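Here is a short briefing on the open and enclosed spaces in a protein model, with a stop at one serine along the way. Please have the structure open as you read.

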Amino acid sequence: MKLYYQVFDLPLKHRFTIAHQSRDVQDTLIVKLEEDGIFGLGEATSNPYYEVTVEGMTTSLEKFRSIVETQNWTHPSELWELGKAHFSEDAFAQCALDMAAWDFYSKKLGKKLYEVLNLNPTHIPQSNFTIGIDSVEKMVAKMKEVNWPIYKIKLGTDHDLEIVKALRKETDAVFRIDANCAWTPEQTIRNSEELSKLGVEFMEQPLPREDWEGMKEVYKHSKLPVMADESCMVESDVKRCQGLFHAINVKLVKAGGITPGIRMIQEAKSLGMKTMVGCMTESSVGISAIAHLAPMLDYVDMDGALLLANDPADGVKVTDSGVEFPDRPGIGAILK
């Protein structure tokens with residue numbers, strides 16, 4: 001087994017702004033595992049909010065190289081356990097490695113990943129398309145540029161309701177809103193009243209990650225379901241979200257990959273919460289992996305590659321009517 005990795009800059013079609021950051025280019029690390037002519041690909045993007053850099057991820061991977069290349073692991077979960085302690089502070093790097101291991105493992109079996117996981121790809125929720133924060137006029141223009149049945153609207157401004165009202169005038173599509181920790185409990189409860197009248201399906205992460213007391217009030221009084229994102233990063237967070245959120249958004253890079261991501265989804269379901277897997281503006285490598293997990297989910301946010309001006313990979317196609325899987329084993333992604 002050989003470990004390789006490559007850094008790519010992913011230019012975006014539009015500047016992407018959320019409550020706590022903006023970017024025009026997203027850098028990403030693509031990991032490759034190869035043995036006997038079979039290779040697997042995985043991906044993790046950098047993220048300044050979580051202080052994750054591609055340099056940091058490559059350093060973590062280099063220190064773990066000998067384990068990957070010499071240890072006798074056969075299943076991705078075994079490699080994940082070998083790296084659990086090493087990657088305890090670098091879930092993003094572990095995610096890229098774990099994803100590549102699942103791609104490799106599936107290819108070695110000659111199967112698509114969803115087949116290995118015994119999932120039915122005919123039952124996949126429609127992905128939303130994300131509209132980043134901008135002027136009201138530009139957000140309307142971005143929405144008109146892409147005709148989509150579900151939009152995720154990033155909020156966290158001093159005119160959030162004005163934005164949603166303006167967008168609602170232009171479409172009958174389903175809206176989901178994501179405040180990325182920007183609101184107070186009082187704002188959230190108050191906004192939920194108006195948003196519930198504007199065709200909003202749910203609100204994602206309205207409060208800061210650690211505001212558990214505030215979430216008790218929101219959960220009790222909100223007119224809309226609430227979904228955890230920043231408050232549900234790793235497996236130990238799932239149980240804590242019960243009774244505070246109606247759903248969780250599992251980000252594979254924050255969780256540490258597909259292996260723990262599947263466990264988080266299963267635990268949330270057992271606790272009566274709905275599930276979503278979201279993206280972090282990955283190329284078609286990361287998006288393809290998410291698509292194979294989609295049959296497990298109630299919602300999915302896998303529009304990352306659609307936001308790119310140049311995608312270095314080819315894989316699963318996310319469209320306004322569903323998902324198209326390439327006729328290739330594994331996650332189905334290749335570098336161009």
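In this predicted model, H1 and H3 each contribute at least two residues to the lining of the second largest pocket. H3 gives the most, with 3 residues. The bullets below begin with that pocket, then turn to the largest pocket, the cavities and Ser284.

**Second largest pocket**
- This pocket holds about 200 Å³ of space.
- Its lining is made up of Met1, Glu35, Val68, Glu69, Gln71, Asn72, Trp73, Thr74, Phe104, Tyr105, Lys108 and Leu109.
- Sorted by class, the lining has 6 nonpolar, 3 polar and 3 charged residues.

**Largest pocket**
- The largest pocket offers about 440 Å³ of space, and 23 residues line it.
- If you would like to find its centre, look for Phe87, Ser88, Asp90, Ala91 and Lys254, the lining residues closest to that point.
- Helix H1 (54-70), helix H3 (91-108) and helix H10 (252-255) each provide at least two residues of the lining.
- The lining of the largest pocket splits into 11 nonpolar, 6 polar and 6 charged residues.

**Cavities**
- The model has 3 cavities of 30 Å³ or more.
- The largest cavity has a volume of about 240 Å³.
- Its lining counts 23 residues, and Phe16, Lys154, Lys251, Cys279 and Met280 are the ones nearest its centre.
- Strand S1 (2-18), strand S2 (21-35) and strand S5 (150-154) are the elements that give two or more residues to the lining of the largest cavity.
- By class, the lining of the largest cavity comprises 10 charged, 7 polar and 6 nonpolar residues.

**A look at Ser284**
- Ser284 belongs to helix H12 (residues 284-293).
- Is Ser284 buried or exposed? Ser284 counts as buried because its relative accessibility is 5%, and the cut-off for buried is under 20%.
- Setting aside neighbours within four places in sequence, Ser284 makes contact with Ala305, Asp311, Ala313, Asp314, Gly315, Val316 and Ala333.
- Which residue's side chain is joined to that of Ser284 by a polar contact of 2.5 Å? The partner is Asp311, a residue that also appears among the contacts of Ser284.
- Asp303 sits 19 residues from Ser284 along the chain, and 9.5 Å separates the C-alpha atoms of the two.

Methods:
Residues are numbered from 1 along each chain as its sequence is written. This is a predicted model: local features need pLDDT of at least 70, side-chain atom pairs count only at pLDDT 80 or more; totals for chains, interfaces and linings use all residues. Side-chain values use heavy atoms; hydrogens and water are left out. On a 1 Å grid over the protein atoms alone, a cavity is a set of points where a 1.4 Å probe fits but cannot get out, and a pocket is an open set with protein on both sides within 12 Å along at least five of seven lines; lining residues have an atom within 4 Å of a point. Grid points are joined across faces, edges and corners, and a volume is the space filled by probe spheres set on the points. Helices (H or I, at least four residues) and strands (E, at least two) are DSSP runs, numbered from the N terminus. Ala, Val, Leu, Ile, Met, Phe, Trp, Tyr, Cys and Pro count as nonpolar, Asp, Glu, Lys and Arg as charged, and the others, Gly among them, as polar. Buried means under 20% relative accessible area, exposed over 50%, partly exposed in between (1.4 Å probe, protein chains only). Contact means heavy atoms within 4.5 Å. A polar contact is a pair of N or O atoms within 3.5 Å; within protein, one must be able to donate a hydrogen and the other to accept it, and residues adjacent in sequence count only if both atoms are side-chain atoms.
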